[in-house]
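Got your viewer open? Let's take a walk through this one, one selection at a time.

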Amino acid sequence: MADSPNLAEPADSRLGSARRYLRAHPWVADAAVAGFYALNTYLAAIDPYQPLSVPLAVSLGVVGSGALLLRRRLPMTVVAVFVALTPVALLASGHLGGTELGIALALYAVAVAHPASGSWTAAAVAVAVTTAAVWAWQDTLLEEIVTDDGTQIALVDERITSTFGIVSLALVGVALGISVRLRRERLADFAERAAALERDRDRQAQVARAEERASIAREMHDVVAHSVSVMVRLADGAAVALERRPDQARVALDELSRTGRAALGDMRRVLGALTEGEVPMGPAGESRNLREVVEGFRAAGLPVKAEGLGLALPENTGLRLAIYRVVQESLTNVLRHAPGTPGVSLAIRQDPGRWVVDVVDQGTLEPGSESGSAPEFEGAGMGLVGMRERVGLLGGTVHAGPFGRGWRVTAELPAERSAEEQS
């Protein structure tokens, strides 16, 4: 996880270095805009055709530049300031004095900060008010436009050119502001979708880890419940036979050692999956066949009568291991919960379209009594739950419950599942 890329980073990485710097230091851009407006006012003051008085130029430059420094926080107010400066400049000099540029810069800030409808409304009001002021108070100058040979073509009213300039600059300012706003919204949406994808990836990783923990828990239960139960019975049997029948005690101890080594190997494999991501997580005991499993239970004192052990199990690994686990878990439950049972029958058969595993015990035969009783299952139930989950993943079912004086477990698995998964 630590090495995974942050999906939300491309939103900023797409910006150039200059843009990233300006986003990190917005005051630099504000100062540049204010300075640009002050320069425009200075140029208007020294215009030989329409000069502004020094006090007026200084007043317009100071007030306008100061207002533009606040354009991010109070864009509408800045627009109102420049709209108010327009009639002041007109009444004092008869000219706009560069206020039309200030209006455009302020409208750009409005369009960046507000939706398009509000931006266009502000632009319309600003243009209408300033245009009315131009036509009311600007000097009416008629400019002759002549050709190279001196022929007069037309007379142009300066108010027309001022109106055109106001409208054009306002449209450009609003259009650029809306474009920037839309781009920022797209980047923000991209970042949000990237963050959502990252959150979804984290949730999927959590689900995968939970499934892995559940799988490890099932594997540990399979190893511990089966092997330890068999080992305890073997140890008890060896202790009883140690003095009177040492040969049988030695056989039981040999089987105990073998079972313990097998369990230790299985536990190492399962626990290795916690630290090594490439460790196979197939069920433990895959290399052992059903005959060895049944013989191990017989050595532990369980009278198992088995049918179908010679059948060729399906080639599909999941189906074969499910059959293996059902047999192992069912016999383990008998060993744990029905000690001393007079008999256990195990039947494995392949019916048309399905595999059936049937395990039936005859209940616990208490010492000194002539009748047996059904085993009491007071454990956590992890074994039955694990069986049902494993068989259910293959489309099969497991039925478990009292049967006569004992307990019966029947598992049915679809045989065609193997062919489907192999194709």
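Here is a short tour of a predicted model, with a stop at a strand and then at the nonpolar cores.

Start by selecting residues 406-414, which make up strand 9. Is this strand mostly buried or exposed? Seven of its nine residues are buried, so the rest of the structure largely encloses strand 9.

Now add the strands that pair with it. Select residues 354-361 for strand 5: this strand runs antiparallel to strand 9, and seven bridges join the two. To get your bearings, look for Arg354, which sits opposite Pro414 of strand 9.

Next, bring up residues 397-403, or strand 8, which is also antiparallel to strand 9 and joined to it by seven bridges. Here Phe403 faces Gly406 of strand 9. Follow the chain through the hairpin of strands 8 and 9: two residues lie between the strands, and one to click on is Gly404, with a positive phi near 65°.

Go back to strand 5 and pick Val357. Which residues does Val357 touch, leaving aside those up to four places away in sequence? They are Ile323, Val326, Val327, Leu346, Ala347, Val409, Thr410 and Ala411.

Val357 also leads you into the largest nonpolar core, which has 39 residues; along with Phe297, Leu302, Leu331, Leu346 and Leu413, it touches the most other members. Among the elements giving two or more residues to this core are helix 10 (290-299), strand 4 (344-351), strand 5 and strand 9. For the largest share, select helix 11, which supplies nine residues.

Last stop: a second, separate core of 36 residues. Select Ala44, Val78, Leu105 and Val110 to find some of its members.

Terms used:
Residues numbered from 1 in each chain as written. Predicted model: local features only at pLDDT ≥ 70, side-chain atom pairs only at ≥ 80, totals over all residues. Heavy atoms only, no water. Buried < 20%, exposed > 50% of the residue type's maximum accessible area, 1.4 Å probe, protein only. Helix = DSSP H or I, 4+ residues; strand = E, 2+ residues; numbered from the N terminus. Pairing = 2+ DSSP bridges. Core = buried A, V, L, I, M, F, W, Y, C linked by side-chain atoms within 4.5 Å. Contact = heavy atoms within 4.5 Å.
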